[in-house]
Amino acid sequence: MSLAESIEQLPEQKHASYSFAFIDEGAKREIRRQTLKAVAIPGYQVPFGSRDMPVARGWGTGGLQLTLSLIGPDDMLKVIDQGSDDSVNAVNIRKFIERVTSVNTTTDTEKASVIQTRHRIPEEHLKDGQILIFQVPIPEPLRDVEPSERETRRMHAEADYSRMWLFLYEDIVKYNQITIGSRYPVMVGGRYIMDPSPIPRWDIPRLHMGDALFLFGAGREKRIYAIPPHTTVEPLEFDDHRFNVEDFTDKVCMRCGSENTYLDELVDDATGKRIYTCSDTAYCEKAARQKGLLNG
Amino acid sequence: MLIKNPILTATNLTKRYGPGCAKCLEQTGPDYGRNQCPVCGTVIACAGVDLAIHPQEVLGVVGESGSGKSTVIKMLHFDIDADDGHVGLHTGKIETDNRVRNQNVLKFSSFGKRQIRNAVMGIVYQNPHLGLRMNISAGGNIAERLLMAGWRNVGDMRKRSAMLLDKTEVPISRMDEAPRNFSGGMQQRVQIAKALSNEPVLLLLDEVTTGLDVSVQARVLDLIRKLQQEMDVATLVVSHDLGVIRMLTTRTMVMKNGRVVEAGLTDQILEDPQHPYTQLLVSSALH
């Protein structure tokens, strides 16, 4: 079935005055063109004409525009916010996309073809054909070491990254470790240093040589960048100070019992006790169900 | 004595600020006592400068303010783009030499120039603010140069930084302190340590002692002479101070109004100056 035919067979369009997926076709085409360029130059930030969305800039408009420009009627959509399908940001964006496209949605990572995410990568391995779209607040990894945009662009163009390395070196001299928590800078395809968006360090190794396409959209900053499948993504590290992921030794999820997932820490106000649950709620539920810990 | 190829050969180095016209070069220079073209108003910072630096030698460039000597050193370090000229390198570092063989490095992309600079050059500026990051530790400043050259081991970089700071007589106990807390002489010594960190083939010194008081000047000069001999690095010294030129250099070029007016052995130039301007310069010296 062609795209035009499948659009015609959509259930009754509630918002006939808008194009399919809200954004007008010309704008979609522009976003797709910049996305193709981003895929062709892994890790390079491509400027794009960020459109006005019915969500404030800084609330996921970059990711939203990518999703809307790529999604088709046959897609299966999943939206998460820090691993959760049920947080306000995720629910609102999902509802909005459902409303303007009538696509089917899911919480199951395996079934989704397009996943929009804020600050997490789902625990389950992403397969060939899936697209993960990140919402990015600050696309420029060098912003902390050089405030001038013109200068950071020159630094990227000439692969002049000594100042980023110097920043890490000074961190080690001062604190004997690299103190970056999230937004850990990575080298993509051996060429560009890239901001992976504020995902935890835990997720960084899963960007390396992935099977899925990773797209990054920064609506406020008007940038798109990408990691195509099977691209090297290496966190910056020194020979004698290696990159580390968060340490969850001896900690398990209290809901599903998983031992190898990224965990959220919860403190019980009454008792002061610390408990841990999976940050990826859909995965947690699936794992719990498989272990017979949940009914229904 | 074996005559070696010069490590750097520059011909016809020219830099102008302004539109430029056909009369620029013939209407300026020491003969007219000006470097601004009367026809189009273009300032000729320097024109037609030829020089060669041989391995291990120290070449001096002397002249008054505005004579174009700093422009020459900045063009050689690619800090400013030359309008005309040819610079060839023969550094003895195989990787660099393979890249630059028989080519004009002034025509390289800024990426290519940076690679050459990182591999074979070191520079010390008159103003430490140009050469150092004042908010980053002294050790970090030296490490930056090493990071540019591809070092990726913190322990090794700290060892090398400590060794260089020790050589330049900066207390190692202050290695993790930022240079903004240092005295002028100490900042200059950190700059020297940074310039030497990647074992350069060519060291560029741009008015290194200007602005320091005399006793500190003497110590910095002593240090430079000692390190220069120890490391056998070819050096270009730019200064308006004949004392510095006398102490450090073996050959000297005298510049005025953007042109070289005299060149030769330093002793010869200081004892028997030929050009009227050089004679004036030598007789104006305070001792």
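pLDDT is the predictor's confidence in each residue, on a scale from 0 to 100. In this predicted model, chain B has a mean pLDDT of 91, and 98% of its residues reach 70 or more. The complex carries an ipTM of 0.85 and a pTM of 0.88 from the predictor. Where pLDDT is low, the predicted coordinates should not be read in detail.

Residues are numbered from 1 along each chain as its sequence is written, and chains are lettered from A and ligands numbered from 1 in the order in which they are written. Local features need pLDDT of at least 70, side-chain atom pairs count only at pLDDT 80 or more, and totals for chains, interfaces and linings use all residues, while side-chain values use heavy atoms and leave out hydrogens and water.

**Cores**

A nonpolar core is a set of buried Ala, Val, Leu, Ile, Met, Phe, Trp, Tyr and Cys residues joined through side-chain atoms within 4.5 Å. Buried means under 20% relative accessible area, exposed means over 50%, and partly exposed is in between (1.4 Å probe, protein chains only). Helices (H or I, at least four residues) and strands (E, at least two) are DSSP runs, numbered from the N terminus.

The largest nonpolar core has 45 residues. Those with the most contacts inside it are Phe134(A), Tyr169(A), Leu207(A), Phe214(A), Phe216(A), Ile227(A) and Phe238(A). Both chains feed this core: β5 (131-135), α6 (162-175), β6 (186-188), β7 (192-194), β8 (213-218) and β9 (223-227) of chain A, with α5 (138-148) and α6 (154-167) of chain B, each supply at least two residues. The most comes from α6(A), with 6 residues. Another core, of 34 residues, lies apart from it. Val72(B), Leu106(B), Tyr125(B) and Val201(B) are among its members.

**Where the two α6 helices cross**

Two packed helices are described by the angle between their axes and the distance between the axes. Axes here are lines fitted to C-alpha atoms, for helices over the stretch in contact, and angles run from 0 to 180 degrees between N-to-C directions. The axes of α6(A) and α6(B) come within 11 Å and cross at roughly 85°. That makes α6(A) roughly perpendicular to α6(B) (65 to 115 degrees). Contact means heavy atoms within 4.5 Å. On α6(A), the contact is made by Tyr169(A), Ile172(A) and Val173(A). On α6(B), Val154(B), Met157(B) and Arg158(B) make it.

**Enclosed helices in chain B**

Helix α7 of chain B (residues 184-196) has 13 residues. From first C-alpha to last it reaches 19 Å, close to the 18 Å expected at 1.5 Å a residue. The expected span is 1.5 Å times one less than the number of residues. In α7(B), 12 of the 13 residues are buried, so the helix is largely enclosed by the rest of the structure. Among the buried ones are Met186(B), Arg189(B), Ile192(B) and Lys194(B). Their cover includes β5 (121-124), α4 (128-131), α5, α6, β6 (202-206) and α8 (214-231) of chain B.

Helix α3 of chain B (residues 110-120) also has buried residues, including Gly112(B), Arg114(B), Ile116(B) and Val120(B). The buried residues of α3(B) pack against α5 (149-157) of chain A, together with β4 (84-89), α2, β5, α5 and β6 of chain B.

**Single residues**

The table lists the exposure of five residues.

| Residue | Exposure | Relative accessible area |
|---|---|---|
| Phe78(B) | buried | 8% |
| Thr231(A) | buried | 9% |
| Pro30(B) | partly exposed | 23% |
| Arg99(B) | partly exposed | 31% |
| Asp267(B) | exposed | 59% |

Thr231(A) sits in the loop between β9 and β10 (233-235) of chain A. Beyond four places in sequence, Thr231(A) touches residues including Pro42(A), Val188(A) and Leu207(A).

Pro30(B) is in the loop between β1 (8-17) and β2 (43-53) of chain B. Its C-alpha is 8.9 Å from that of Met255(B), 225 residues apart along the chain. Leaving aside neighbours within four places, Pro30(B) contacts Lys256(B), Asn257(B), Arg259(B) and Val261(B).

Arg99(B) belongs to helix α2 (residues 94-100) of chain B. With neighbours within four places set aside, Arg99(B) is in contact with Phe108(B) and Gln115(B). Asp267(B) lies in helix α10 (residues 266-271) of chain B.

Most residues other than glycine have a negative phi. Phi of Arg183(A) is near 55°, a positive value. Arg183(A) lies in the loop between α6 and β6 of chain A. Phi of Phe78(B) is near 65°, also positive. Phe78(B) is in the loop between α1 (69-76) and β4 of chain B.

Methods: Parallel < 35°, antiparallel > 145°, perpendicular 65-115°, else oblique.
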